[in-house]
Amino acid sequence: MKLYTKTGDTGKTSLIGGRVDKDSLRVETYGAIDELNSFIGKAVSELDRALFKDILVDLETIQHELFDAGGDLANVMKERHYKLTEAPIEVLEARIDALSDEAPPLEKFILPGGAPAAATLHIARTVARRAERQMVTLMKEIEDVPTIVQKYLNRLSDYLFAAARVVNARLNLPDIEYIRSGNVFKK
């Protein structure tokens with residue numbers, strides 16, 4: 001099987017049920033989700049399997065969910081069944097709470113960084129936010145898109161932030177506070 005088809009040589013790409021320009025907002029949005037998935041894969045490769053077993057399980061599940069989200073966005077058929085549901089959002093919320101309880105208390109903005117895996121998770125977080133912004137624009141322009149993807153991306157970026165902090169905490173690396181930050185995370 002050849003990996004190239006030559007069908008995209010004219011600047012068009014195939015969706016599930018149609019073709020569009022490669023620079024369409026729909027393609028840009030699921031492309032950002034694909035980029036996000038790649039950074040999560042990079043973080044997985046940087047995590048110690050024994051120390052971060054729970055986070056690794058989370059991230060593998062998330063990678064599958066991101067494929068679901070991208071596929072849902074690529075589906076333009078009249079009759080659609082979307083794969084992404086509310087259930088993964090509820091799981092993310094529970095994991096965010098658990099990870100937040102494990103990390104040191106947070107009062108100020110922090111700089112992305114620390115351990116290589118934490119830094120990669122922070123990159124993934126920012127890509128998730130970009131994908132979410134693109135999704136919001138897509139929802140304004142096209143009414144028939146699965147809006148659950150935006151909600152999932154919003155929650156996922158919070159999860160990635162919490163996971164990055166826990167990676168640093170388990171490795172005894174303190175978060176570096178932004179020096180001009182006020183106390184913004186007071187309860």
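Student: In which hand does α3 pass α5?

Tutor: This is a predicted model. Two packed helices are described by the angle between their axes and the distance between the axes. Handedness adds to that picture. For α3 passing α5, the crossing is left-handed.

Student: At what angle do α3 and α5 pack?

Tutor: α3 covers residues 87-102, and α5 covers residues 148-170. Their axes lie 9 Å apart. The packing angle is about 25°.

Student: How is α3 oriented relative to α5, roughly parallel or roughly antiparallel?

Tutor: The angle between α3 and α5 is about 25°. Angles under 35 degrees count as roughly parallel, over 145 as roughly antiparallel. The value for this pair therefore makes α3 and α5 roughly parallel.

Student: How many charged residues does the contact of α3 with α5 have?

Tutor: From α3, the contact residues include Glu93, Arg95 and Glu102. From α5, they include Lys151, Arg155, Asp158 and Arg170. By class, the contact of α3 with α5 has twelve nonpolar residues and one polar residue, and the charged ones number seven.

Student: What distance does α5 reach from its first C-alpha to its last?

Tutor: α5 has 23 residues. At 1.5 Å a residue, 33 Å is expected. The model comes close to that, with a reach of 32 Å.

Student: Which residue just after α5 takes a positive phi?

Tutor: Most residues other than glycine have a negative phi. Just after α5, one residue takes a phi of about 60°. That residue is not a glycine. It is Asn172.

Student: Does Asn172 count as buried or exposed, and at what relative accessibility?

Tutor: Asn172 sits in the segment after α5. Exposed means over 50% relative accessible area. Asn172 is therefore exposed, at 69%.

Student: At what angle do α2 and α5 pack?

Tutor: The axes of α2 and α5 are 12 Å apart. α2 passes α5 in a left-handed crossing. The two helices are roughly antiparallel to each other. Their packing angle is about 160°.

Student: How many nonpolar residues does the contact of α2 with α5 have?

Tutor: On the α2 side, the contact residues include Ile55, Leu59, Ile62 and Leu66. On the α5 side, they include Val149, Leu153, Leu156 and Leu160. By class, the contact of α2 with α5 has four charged residues and no polar ones, and the nonpolar count is 15.

Student: How far apart are the axes of α1 and α2?

Tutor: α1 covers residues 25-46, and α2 covers residues 53-74. They pack at an angle of about 165°, so α1 and α2 are roughly antiparallel to each other. The distance between their axes is 9 Å.

Student: How many polar residues does the contact of α1 with α2 have?

Tutor: α1 passes α2 in a left-handed crossing. Contact residues in α1 include Thr29, Asn37 and Gly41, and those in α2 include Gln63 and Gly70. By class, the contact of α1 with α2 has 13 nonpolar residues and one charged residue, and the polar ones number five.

Student: Is Arg26 buried or exposed, and what is its relative accessible area?

Tutor: Arg26 lies in helix α1. Among the residues it touches are Leu15, Leu73, Leu138 and Asp144. Buried means under 20% relative accessible area. Arg26 is therefore buried, at 7%.

Student: Which elements do the buried residues of α1 pack against?

Tutor: Several α1 residues are buried, including Val27, Ala32, Leu36 and Ile40. Two strands are among their partners, and so are three helices. The elements are β1 (12-15), β2 (18-21), α2, α4 (116-141) and α5.

Student: How far apart in space are Arg180 and Asp72, C-alpha to C-alpha?

Tutor: Arg180 lies in the segment after α5. At 62% relative accessibility, Arg180 counts as exposed. Arg180 and Asp72 are 108 residues apart in sequence. In space, their C-alpha separation is 41 Å.

Student: In what order do the elements of the protein chain run from the N terminus on?

Tutor: The secondary structure of the protein chain comes to five helices and two strands. The strands come ahead of the helices. From the N terminus on, the order is β-β-α-α-α-α-α.

Student: Among contacts between residues at least 6 apart in sequence, what percentage join residues at least 24 apart?

Tutor: The C-alpha trace spans about 50 × 40 × 30 Å along its principal axes. Of the 187 residues of the protein chain, 41% count as buried. For those contacts, the share joining residues at least 24 apart is 75%.

Technical notes: Residues are numbered from 1 along each chain as its sequence is written. This is a predicted model: local features need pLDDT of at least 70, side-chain atom pairs count only at pLDDT 80 or more; totals for chains, interfaces and linings use all residues. Side-chain values use heavy atoms; hydrogens and water are left out. Axes are lines fitted to C-alpha atoms, for helices over the stretch in contact, and angles run from 0 to 180 degrees between N-to-C directions. Helices (H or I, at least four residues) and strands (E, at least two) are DSSP runs, numbered from the N terminus. Angles under 35 degrees count as roughly parallel, over 145 as roughly antiparallel, 65 to 115 as roughly perpendicular and the rest as oblique. A crossing is left-handed if the near helix is turned anticlockwise from the far one by less than a right angle, and right-handed if clockwise. Contact means heavy atoms within 4.5 Å. Ala, Val, Leu, Ile, Met, Phe, Trp, Tyr, Cys and Pro count as nonpolar, Asp, Glu, Lys and Arg as charged, and the others, Gly among them, as polar. The expected span of a helix is 1.5 Å times one less than its number of residues. Buried means under 20% relative accessible area, exposed over 50%, partly exposed in between (1.4 Å probe, protein chains only). Lists of a residue's contacts leave out its neighbours within four places in sequence.
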